[in-house]
Amino acid sequence: MVQLIRQIGICGVKDMQFKRITTDDAAFLAEIFSIPEYDLYFAENDTTQENWKERISEYYLSSNSYIISNGDEKVGWIMYSIEGDTCKIDIIVLLPEKRHMGYGKAIFSDLIAANPQIKSIQLDVQQRNKAALSFYRKLGFVVEGEEMQPVGETEEPYFNLSLTI
C-alpha cells in the first residue's frame, strides 16, 4: 500500500490548483508542445494554437482534463479517467523548468485526495523516457507489462505502470 502525503508549502507548490481546461488554454498547450525536448515523447509538437482549440472543444472539454497552475502561473496539464476504483492517466506533462520542484508528487497526492474511491492508478510511459520512469518508480509504480503504441506516424515501446493505493 502506498501513501502519498502532500506537504503544503514545500517546494513552492502551496497554491497549486487543477483548473478545468478551456479553449483559452490552447496557447499554453501549444507552448508546452513546442518545447524541443518533447519531440521525443509526443506527436503533438506540430499542433498549432488553432488546432489545440479544436481538440479542446471536441475532446477535452468533456473529459477530466485540467491545467495545473501554481497561483496564476500555468505549470502543466493532466488528463485522466476514473472507472470504478481505477484512475487511468492519459497524459501528464509539466513545463521542464517546473520539474524537481514537488509538482509531480503534489499532483498525484491531490488527485488521490480529491477522488478517495481510487485504489489504483495506471499509466503508460515510453520506455526511453528514463526521467519519467524513474519518477514513477520512486512513487511506487511498478511495471505491469509493455506494448507498442503509436507516436506520430511510428510506434514506440511503452511500459504499462500501476500504483496500488
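**Figure 1. Overall fold of the predicted model.** The secondary structure of the protein comprises 4 helices and 7 strands in a model that is predicted. Read from the N terminus, the elements follow the order β-α-α-β-β-β-α-β-α-β-β. The chain has 165 residues, of which 44% count as buried. Among contacts with a sequence separation of 6 or more, 60% join residues that lie 24 or more positions apart.

**Figure 2. Close-up of helix α1 and its surroundings.** Helix α1 spans residues 26-33 and is mostly covered, with 6 of its 8 residues buried. These buried positions are Ala26, Phe28, Leu29, Ala30, Ile32 and Phe33. They pack against one helix, α2 (49-58), and against the strands β2 (64-70), β3 (73-83) and β4 (86-94). An α-helix has 3.6 residues a turn, so residues three or four places apart point the same way.

**Figure 3. Close-up of the packing of α1 on α2.** Two packed helices are described by the angle between their axes and the distance between the axes. For α1 and α2 the angle is about 120°, and the axes are 8 Å apart. This angle makes α1 oblique to α2. The crossing of α1 past α2 is right-handed. On the α1 side the contact is formed by Ala26, Ala27, Leu29, Ala30 and Phe33, and on the α2 side by Gln49, Trp52, Lys53 and Ile56. By residue class, the contact of α1 with α2 comprises 7 nonpolar, 1 polar and 1 charged.

**Figure 4. Close-up of the packing of α3 on α4.** Helix α3 (residues 103-114) and helix α4 (residues 130-139) have axes that come within 11 Å and cross at roughly 50°. The crossing angle makes α3 oblique to α4. The crossing of these two helices, α3 and α4, is right-handed. Gly104, Lys105 and Phe108 are the α3 residues that meet Phe135, Tyr136 and Leu139 of α4. The residues in the contact of α3 with α4 are 4 nonpolar, 1 polar and 1 charged.

**Figure 5. Close-up of the nonpolar cores.** The largest nonpolar core contains 28 residues, and Ile89, Ile121 and Phe141 have the most contacts inside it. At least two residues of this core come from each of β2, β3, β4, α3, β5 (120-126), α4 and β7 (154-164). Helix α3 gives the most to this core, supplying 6 residues. Phe141, when neighbours within four places in sequence are left aside, is in contact with Phe108, Ile121, Leu123, Tyr136, Leu161, Ser162 and Leu163. A second core, separate from the largest one, has 17 residues, including Leu29, Phe33, Ile56 and Ile91.

**Figure 6. Close-up of Leu123 in strand β5.** Leu123 is located in strand β5. With a relative accessibility of 2%, Leu123 counts as buried, because the cut-off for that class is under 20%. Residues up to four places away in sequence not being counted, Leu123 touches Lys88, Ile89, Phe108, Tyr136, Phe141, Phe159, Asn160 and Leu161. Leu123 and Ile92 are 31 residues apart along the chain, and their C-alpha atoms are separated by 9.4 Å.

**Figure 7. Close-up of Asp90 in strand β4.** Asp90 belongs to strand β4. The relative accessibility of Asp90 is 44%, and the residue therefore counts as partly exposed. Not counting residues up to four places away in sequence, Asp90 touches Met79, Tyr80 and Ser81. Asp90 and Met79 are 11 residues apart in sequence, and their C-alpha atoms are 5.4 Å apart in space.

**Figure 8. Close-up of His100 in the loop between β4 and α3.** His100 is placed in the loop that lies between β4 and α3. Most residues other than glycine have a negative phi. His100, although not a glycine, has a positive phi of about 65°. At 84% relative accessibility, His100 counts as exposed, because that class begins over 50%.

Terms used. Residues numbered from 1 in each chain as written. Predicted model: local features only at pLDDT ≥ 70, side-chain atom pairs only at ≥ 80, totals over all residues. Heavy atoms only, no water. Buried < 20%, exposed > 50% of the residue type's maximum accessible area, 1.4 Å probe, protein only. Contact = heavy atoms within 4.5 Å. Axes fitted to C-alpha atoms, helices over the stretch in contact; angles between N-to-C directions. Parallel < 35°, antiparallel > 145°, perpendicular 65-115°, else oblique. Left-handed = near helix turned anticlockwise from the far one by under 90°. Nonpolar A, V, L, I, M, F, W, Y, C, P; charged D, E, K, R; others polar. Core = buried A, V, L, I, M, F, W, Y, C linked by side-chain atoms within 4.5 Å.
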